[in-house]
Amino acid sequence: DFLFHMYFLVRYCRLLEEGADFRSRTGDFVWMICFGASLMTLAAPFVSVHFLGSSLTFMMVYVWGRRNEHVRMSFLGLF
């Protein structure tokens with residue numbers, strides 16, 4: 001489970017950072033990650049979540065999906 005989350009996190013972070021929205025705007029990309037992580041950290045005690053890696057992964061996949069609506073997503077290149 002941890003390896004899948006890290007794979008998706010690295011993949012979609014790379015795709016977002018190399019895409020048209022965050023290309024040569026590394027500061028904005030880091031700010032987005034820090035802002036999302038801090039909001040999740042503030043919400044974690046209220047929803048009883050201890051490991052926020054999966055939430056951060058889903059955030060990155062969601063942002064990538066919203067910015068690339070026309071691209072079909074695949075699971076590990078298989079489906």
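Asp28 is partly exposed, with a relative accessible area of 37%. This and all that follows describes a predicted model.

**Exercise 1. Salt bridges**

Find how many salt bridges the structure holds, and which residues form them.

*Solution.*
- Step 1: Start with Asp28. Its salt-bridge partner is Arg25, and the closest N and O atoms are 2.7 Å apart.
- Step 2: Check the partner's surroundings. Arg25 is partly exposed, at 41% relative accessible area.
- Step 3: Turn to helix 1. There the side chains of Arg14 and Glu18 meet in a salt bridge, at 3.3 Å from N to O.
- Step 4: Look at the spacing. Arg14 and Glu18 are 4 residues apart in helix 1, so about one helical turn separates them.
- Step 5: Check exposure here too. Arg14 is partly exposed, with a relative accessible area of 41%. Glu18 is partly exposed, at 44%.
- Step 6: Give the total. The structure holds 2 salt bridges.

**Exercise 2. The cysteines**

Decide how many disulfides the structure has, and where Cys13 stands: buried or exposed?

*Solution.*
- Step 1: Search the whole structure. The result is 0 disulfides.
- Step 2: Take Cys13. The nearest cysteine sulfur belongs to Cys34 and is 11 Å away.
- Step 3: Apply the cut-off. A disulfide needs sulfur atoms within 2.5 Å, so Cys13 is in no disulfide.
- Step 4: Take Cys34. Its nearest cysteine sulfur is that of Cys13, 11 Å away, and Cys34 is in no disulfide.
- Step 5: Compare the surroundings. Cys13 is buried, with a relative accessible area of 15%. Cys34 counts as partly exposed, at 43%.

**Exercise 3. The nonpolar core**

Identify which helix gives the most to the largest nonpolar core.

*Solution.*
- Step 1: Size the core. The largest nonpolar core has 15 residues.
- Step 2: Name its best-connected members. Tyr12, Leu16, Phe29, Met32, Met59 and Met60 have the most contacts inside it.
- Step 3: Assign the helices. Helix 1 (2-18), helix 2 (26-47) and helix 3 (53-67) each supply at least two residues of this core.
- Step 4: Pick the leading helix. Helix 3 gives the most, with 6 residues.
- Step 5: Follow one member, Met59. Leaving aside neighbours within four places in sequence, Met59 is in contact with Met32, Ile33, Gly36 and Met40.

**Exercise 4. A surface patch**

Work out which residues make the nonpolar surface patch of about 480 Å².

*Solution.*
- Step 1: List the residues. Trp31, Phe35, Leu39 and Leu42 make this patch.
- Step 2: Place one of them. Leu39 lies in helix 2.
- Step 3: Check its exposure. Leu39 counts as partly exposed, at 44% relative accessibility.

How values were computed:
Residues numbered from 1 in each chain as written. Predicted model: local features only at pLDDT ≥ 70, side-chain atom pairs only at ≥ 80, totals over all residues. Heavy atoms only, no water. Core = buried A, V, L, I, M, F, W, Y, C linked by side-chain atoms within 4.5 Å. Buried < 20%, exposed > 50% of the residue type's maximum accessible area, 1.4 Å probe, protein only. Contact = heavy atoms within 4.5 Å. Patch = residues over 30% accessible without salt bridge, like charges linked within 9 Å, V, L, I, M, F, W, Y side chains within 5 Å. Areas by Shrake-Rupley, 256 points an atom, 1.4 Å probe, with all protein chains shown as cover. Salt bridge = Lys/Arg side-chain N within 4 Å of Asp/Glu carboxyl O.
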